[in-house]
Amino acid sequence: MDANDAGQAARELARVIEAVERIVVFTGAGISTESGIPDFRSPGGVWSRYRPVLYPEFLASAEARRRYWQYKKEAYRDFDGAVPNGGHLAIAEMERHSKLQVLITQNIDGLHEMAGNSPDRILELHGTERWVNCLQCGDRTPRSEVQARLEAGEDVPPCRKCGGFLKPATISFGQALPEDLLQKAFEESQSCPAFLVIGSSLQVQPAASLPALAKRHGAWLGILNREETPLDPMADWLCRAPAGEVLGQTVKLWTRTRESGV
Ligand code: NAD
């Protein structure tokens, strides 16, 4: 197929979704670019302007915490007004039609939940930017409230209950992924009939090993990503057209087929 033709890709993908009993969807930053959130590798994006603060550095150094919050303050401005696009809505539609086995995401923007996927069906491997945790007393605050404090001039906001370090509920570089979540992601990947990657460069481990695991256990593997990925050679289906456009069309075609019983 012409990997750039969104219409043709949508027709093929709709047929696969119809044919399989259920599907694991795996998303990365690329699904949210059509919502205005730059992906990790976009030139000039906020991610490219800051050296990542490692978790041990965050704990050990006041200067690192200042740098961390400066970057978080800027990055959150992209997330703040963002709304789900056709890609997110299509995956929510798959869940409504009981096709979605589970949604594994590397994203921290909360747009899948906002699109209507239920939290118990989403595995947020890298956590969420929508909440902030106190590392000392465990208190949880909406990220928007902490952003308001940053915008008002606080550079390193302390916990209002105990004065401890606040940190968004995301996994930092140098911080382990929650073991139970990762285990569940491995189990789901090994037991699915189909696995669809959307908008991920598949360069961040261990998340990027999941599609290969699914394929080794016999799943159909689809990759919908603008650029090449290291797993392209093992994919059963590849598409480089914009994810939101392809998925929007796919779900329209697929739901129409279901409703007409054709
Ligand atoms: P990545 O930036 O490494 O890769 C994104 C991929 O998506 C790229 O290969 C790009 O070509 C592709 N892409 C971009 N727009 C697309 C579109 N409209 N349609 C199809 N493909 C598109 O992202 P990653 O693999 O998710 O890894 C980056 C890390 O950064 C993750 O850990 C993630 O947590 C974090 N991150 C998250 C967000 C978010 O939550 N929205 C944004 C940036 C980075």
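**Surface, fold and cores of a predicted chain**

Q: How much area does the chain expose, and what share comes from carbon and sulfur atoms?
A: About 11900 Å², with 51% from carbon and sulfur atoms. Areas come from the Shrake-Rupley method with a 1.4 Å probe. This is a predicted model: local features need pLDDT of at least 70, side-chain atom pairs count only at pLDDT 80 or more, and totals for chains, interfaces and linings use all residues. Residues are numbered from 1 along each chain as its sequence is written, and side-chain values use heavy atoms, leaving out hydrogens and water.

Q: What is the secondary structure?
A: 10 helices and nine strands. These are DSSP runs: H or I of at least four residues, E of at least two.

Q: And what share of residues is buried?
A: 52% of the 262 residues. Buried means under 20% relative accessible area (1.4 Å probe, protein chains only).

Q: How many residues are in the largest nonpolar core?
A: It has 29. Such a core is a set of buried Ala, Val, Leu, Ile, Met, Phe, Trp, Tyr and Cys residues joined through side-chain atoms within 4.5 Å. V25, W220 and L224 are among those with the most contacts inside it.

Q: Which elements feed it?
A: Those supplying at least two residues each include β1 (23-27), β7 (194-198) and α10 (243-260). α1 gives the most, six residues.

Q: What does L224 touch?
A: Not counting residues up to four places away in sequence, its contacts (heavy atoms within 4.5 Å) include I198, W237 and L247.

Q: Which residues are in the other core?
A: Among its 23 residues are V24, A185, V197 and A214. That core lies apart from the largest one.

Note on methods: Buried < 20%, exposed > 50% of the residue type's maximum accessible area, 1.4 Å probe, protein only.
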